[in-house]
Amino acid sequence: KKAIVIEAFQMTAEQRWDNSEWPDWLHLAWNAELGSPGSLCVDRTDPTGANLCIETLEGDHHITWGDWIIQGIKGELYPIKDEIFRLTYEPVNEATS
């Protein structure tokens, strides 16, 4: 299996409302057309409007605070739980990647 570099962003409740630290690819997903695969949107099952989900061809992937949102090698987005993320990935020094 090849080692790959992915981009990831940990979503917290605070960063849900203050998106100033969101990476560009997450802003693009937020501004994508609703219903399109890869769009980031408000979770329709949440009456408060606080929680988010990622729309995919397989259905909505719900984001829980602390989940990491990953952009895969083809630009696809998906959430992953913090514990699994930390067991699966390791930080890469941007100067050496």
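Select β2 and β3 to begin: three bridges join these two strands, which run antiparallel. The model on display is a predicted one, and this tour proceeds from the strands to the aromatic residues and then to the whole chain.

**First stop: the sheet around β3**

With β2 and β3 still highlighted, locate valine 42, which stands opposite leucine 52 in β3. Next add β4 to the selection. The three strands make up an open sheet in the order β2-β3-β4, and their pairing is antiparallel. Which strands stand at the edges? They are β2 (40-42) and β4 (59-62); each has a single partner strand, so one side of each is left without a neighbour in the sheet. From one strand to the next, the twist averages 40°.

Now restrict the selection to β3 and β4. Strand β3 covers residues 52-56, and four bridges pair β3 with β4 in the antiparallel sense. Two of these positions may be labelled: isoleucine 54 has histidine 61 of β4 as its bridge partner, and glutamate 55 has aspartate 60 of β4. The connection between β3 and β4 is a hairpin of two residues.

Display the side chains of β3 alone. In a regular strand, side chains alternate between the two faces of the sheet. Here Leu52, Ile54 and Thr56 point one way, while Cys53 and Glu55 point the other way, and all are buried. Because five of the five residues of β3 are buried, the strand is largely enclosed by the rest of the structure.

**Second stop: β1, β5 and β6**

Select β1 and β5. Strand β1 (residues 7-10) pairs with β5 in the antiparallel sense over four bridges. Within this pairing, alanine 8 stands opposite isoleucine 70 in β5.

Add β6 next. Strand β6 (residues 77-80) runs antiparallel to β5, and four bridges join the two. One position to label is tryptophan 68, whose bridge partner in β6 is isoleucine 80. How many residues lie between β5 and β6 in their hairpin? There are five, and glycine 75 in the turn has a positive phi of about 85°.

**Third stop: phenylalanine 85 and its surroundings**

Select phenylalanine 85, which is found in helix α3. Is this residue buried or exposed? Phenylalanine 85 is buried, with a relative accessible area of 12%. Apart from neighbours within four places in sequence, phenylalanine 85 is in contact with Ile6, Ala8, Trp68, Ile70 and Ile80. To examine one of these contacts, draw a distance between the C-alpha atoms of phenylalanine 85 and isoleucine 70: they are 9.4 Å apart, with the two residues separated by 15 residues along the chain.

Show the ring of tryptophan 68 as well. Tryptophan 68 is also buried, at a relative accessible area of 15%. Tryptophan 68 and phenylalanine 85 form a stacked aromatic pair, with 4.2 Å from centre to centre and 10° between the planes. This pair links distant parts of the chain: tryptophan 68 belongs to strand β5 (residues 68-71) and phenylalanine 85 to helix α3 (residues 82-88), 17 residues apart. Adding Tyr89 to the selection completes one aromatic cluster of Trp68, Phe85 and Tyr89.

**Fourth stop: other aromatic residues**

The count of aromatic pairs comes to three. Another of them is formed by tryptophan 22 and tryptophan 30, which meet edge-to-face at 5.9 Å centre to centre, with 85° between the planes. Colour the two by accessibility: tryptophan 22 is buried, with a relative accessible area of 5%, whereas tryptophan 30 counts as partly exposed at 29%.

Then select arginine 16 and tryptophan 17. Arginine 16 lies over the face of tryptophan 17, at 3.9 Å from the ring centre.

**Last stop: the whole chain**

Clear the selection and display the entire chain. The protein has three helices and six strands, which run β-α-α-β-β-β-β-β-α from the N terminus on. The radius of gyration is 14 Å, close to the 13 Å that the globule rule gives for 97 residues, so the protein is as compact as a globular protein of that length. Along the principal axes, the C-alpha atoms fill a box of roughly 40 × 25 × 25 Å.

Colouring by burial marks out the buried residues, which make up 34% of the 97 residues. Of the contacts with a separation of 6 or more, 33% are between residues 24 or more positions apart.

Definitions and conventions:
Residues numbered from 1 in each chain as written. Predicted model: local features only at pLDDT ≥ 70, side-chain atom pairs only at ≥ 80, totals over all residues. Heavy atoms only, no water. Pairing = 2+ DSSP bridges. Axes fitted to C-alpha atoms, helices over the stretch in contact; angles between N-to-C directions. Phe/Tyr/Trp six-rings, centres within 6.5 Å; stacked < 30°, edge-to-face > 60°. Buried < 20%, exposed > 50% of the residue type's maximum accessible area, 1.4 Å probe, protein only. Lys NZ or Arg CZ within 6 Å of the ring centre and 35° of its normal. Rg over C-alpha atoms; globule rule 2.2 N^0.38 Å. Contact = heavy atoms within 4.5 Å.
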